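The following briefing examines a single protein chain, from one helix outward to the cores and sheets. Please consult the sequence and the structure below while reading.

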Amino acid sequence: MRVTNTKPWQNEFSRRFFCGEPSLEISTINKGEQVLVYHFFDWDARRDYYVVTSENFLEGMDHDDIQTRVWNALERYLPFLSPTARLIMIDDDRRLQAVFSNPADLIGIPDGGFNTPTPGFEWPRFEDVTQVNHLPTINRSQMTEVDRVAPRVDIMKDTSRGDERIVAKWLLVLNADFVWREMLLLNSIPAHPHIVPIYRIIVDDASGRILGWASKYVDGSDLEADKSRFKMKWLRQLLETVDYLHLELGITHGDLQLKNMLVDKATDKLLLIDFEEANQIDEERLRQELNQLTWSIYEIVTHDVALVEERLFTVHSDDEAIDDDPRIINEMSEWPARANLDCEPQELRQFLQSWIQRRAAMPIVLLKTALQMDEFNDITQFPKASPAVEQKRQVRKTKFEHLLREQALLQAEKNLLQVGEMRWERLPSTRAYPNRTGKAIDQSNKKRKAIDCEGDAPPPKKSRYSVTMTPYTEDLESSEEETEPETHYITLKLPSNYLNKARKKHEITEKISIK
């Protein structure tokens, strides 16, 4: 699947959420019964969600089918959950059974998940990282969010420098090693007019630990978002920069898509960004780089997105490899131009193909100026995982007292790390920017069906967890006119003996607002 910048990523459920591998946990309130727990991370709100179902959910399905069913369940119920909900429990037919604000009430998972340092990794102290401790820093408290560009990338204002705009790339737990490698690599690349460099290292105010890095904001647009025009000089600048990476630094960019090529309005220069996939050059990586570059130029000239996605981003079977060979477009008699060009499309094409032929014929020789990617791939330099997470996870014992002792040990370890409080959670985009255009993920279907049975499924079973439920009766598909939606509530009353071990015999009522 192609990851694109042409529409808000928050509206794509598969990009907004990450799902880790499932785990079997012991239910703390159901006599030691094992439950299957799926842990989701919301990149937009940067908070954790848990989907819990019975162990029988695994029967008769392969891993992909189970993943799909769980994803669909969360996507279905998420728009109707209250802002405080963190865990949903579904039955084997994916019917909603219960909602919890604190996951520890059901499965004993400490409040935190990806949002705290202990479950993921320990952010290194700025002064301890010799590769970057000479660079200027910016404190997290000096930054104010302006926009969300990608799951780990935000546009921020530097309040200490007259609200100067910068682009922050965060060392969030998931795939943080890619951001870490990119930071070290960019720091090692000499200043170049067509590569966006590191501007500041983002540190935590209290602990001085590295939370990410920032580059200067470029007032312009990437070529994927704006395909309206293309210039010969931009192609020359691009190829000269790629030559510099290959021949002098001995690395490949690894992701020469149009979304990683910016045009600065002020200077009319083309700039390369996003070096997460950069690697030491070899014959295979060079071949892939040249092929991808050919496809990107073809796309900007012709706007033939369908063919590009079919050949580069579509896999029809598990054992099928991506065929990135550009022979099909190289054999075309002409490229039909859809963009405004400052020259004939054939001139652009001939210049590109002659450059590729020269590059493909040149032997790969690493000069003394070449960067050694092994230094950036050294796992000993990555932020280190907590020892509690590195140990192989075992099925917890049935006794609730033993579970509490494990939680106490994890909390003690967190205190010993002395990293301070680093909360990443924030408001979802729909609440942070309510006046912006574009429909949010939970408003994608204007006329949404009620969350009752699907198709001819049997009626909901009586659940020991959900003893009362206010019916949802309005037919959202019956009205042709757009009217102000009414607010409905589903009330889940959990009896006091249900949570008597986690809470001291207090009845809990969770309300879910449905609009």
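Lys233 is located in helix α5. The model is a predicted one, and this helix serves as the point of entry to it. Lys233 is partly exposed because its relative accessible area is 35%, a value between the limits of 20% and 50%. The side chain of Lys233 makes a polar contact of 2.9 Å with that of Asp268, although the two residues are 35 positions apart in sequence. Their C-alpha atoms are 9.5 Å apart.

**The hairpin that carries Asp268**

- Asp268 lies in the turn of a hairpin formed by β16 and β17, with four residues between the two strands.
- The phi of Asp268 is positive, at about 60 degrees.
- Strands β16 and β17 pair in the antiparallel sense, over four bridges.
- Within this pairing, Leu262 has Leu271 of β17 as its bridge partner.

**Helix α5**

- Helix α5 contains 18 residues, and the distance from its first C-alpha to its last is 25 Å, close to the 26 Å expected at 1.5 Å a residue.
- The buried residues of α5 include Met232, Trp234, Leu235, Leu238, Leu239, Val242, Leu245 and Leu249.
- Polar side chains are also represented among the buried residues of this helix, including Gln237, Thr241 and His246.
- In an α-helix there are 3.6 residues a turn, so residues three or four places apart point the same way.
- The buried residues of α5 pack against strands β14 (229-230), β15 (251-252), β16 (261-264) and β17 (269-272), and against helices α6 (283-302) and α9 (345-361).
- Gly250 follows α5 and has a positive phi, near 70 degrees.

**Nonpolar cores**

- The largest nonpolar core comprises 80 residues, and Ile189 and Ile201 have the most contacts inside it.
- Helix α5, residues 232-249, gives the most to this core, contributing nine residues.
- A second core, separate from the largest, has 21 residues, among them Tyr38, Val70, Tyr77 and Ala85.
- With neighbours within four places in sequence left aside, the contacts of Ile189 are Ile195, Tyr244, Leu249, Ile251, Phe275 and Leu371.
- Two of these partners, Tyr244 and Leu249, are among the buried residues of α5.

**The six-stranded sheet**

- An open sheet of six strands runs in the order β7-β11-β12-β10-β9-β8, with mixed pairing.
- Its edge strands, β7 (137-139) and β8 (143-150), each pair on one side only.
- From one strand to the next, the twist averages 35 degrees.
- Strands β10 (residues 164-170) and β12 (residues 210-216) are paired in the antiparallel sense over five bridges.
- Val167 stands opposite Ser215, a residue of β12.
- Helix α4 (residues 176-188) packs on the sheet and touches β10, β11 (200-203) and β12.
- The direction of α4 makes about 50 degrees with that of β12.

**Positive phi in loop aspartates**

- Most residues other than glycine have a negative phi.
- Asp163 nevertheless has a positive phi, near 60 degrees.
- Asp163 occupies the loop between β9 (153-158) and β10, and it counts as partly exposed because its relative accessibility is 40%.
- Asp274 likewise has a positive phi, near 60 degrees.
- Asp274 is placed in the loop between β17 and β18 (279-280), and it is partly exposed because its relative accessible area is 22%, where the limit for a buried residue is under 20%.

**Thr302 in helix α6**

- Thr302 is part of helix α6 and counts as buried because its relative accessibility is 6%.
- A polar atom of the Thr302 side chain lies 2.7 Å from the backbone oxygen of Tyr298.
- With neighbours within four places in sequence left aside, Thr302 is in contact with Trp335, Pro336 and Arg338.

**The chain overall**

- The secondary structure amounts to 13 helices and 21 strands.
- The chain has 515 residues, of which 49% count as buried.
- Of the contacts in the chain with a separation of 6 or more, 68% are between residues 24 or more positions apart.

Notes:
Residues numbered from 1 in each chain as written. Heavy atoms only, no water. Core = buried A, V, L, I, M, F, W, Y, C linked by side-chain atoms within 4.5 Å. Buried < 20%, exposed > 50% of the residue type's maximum accessible area, 1.4 Å probe, protein only. Contact = heavy atoms within 4.5 Å. Pairing = 2+ DSSP bridges. Axes fitted to C-alpha atoms, helices over the stretch in contact; angles between N-to-C directions. Expected span 1.5 Å × (residues − 1). Polar contact = N/O pair within 3.5 Å; in protein donor to acceptor, adjacent residues only side chain to side chain.
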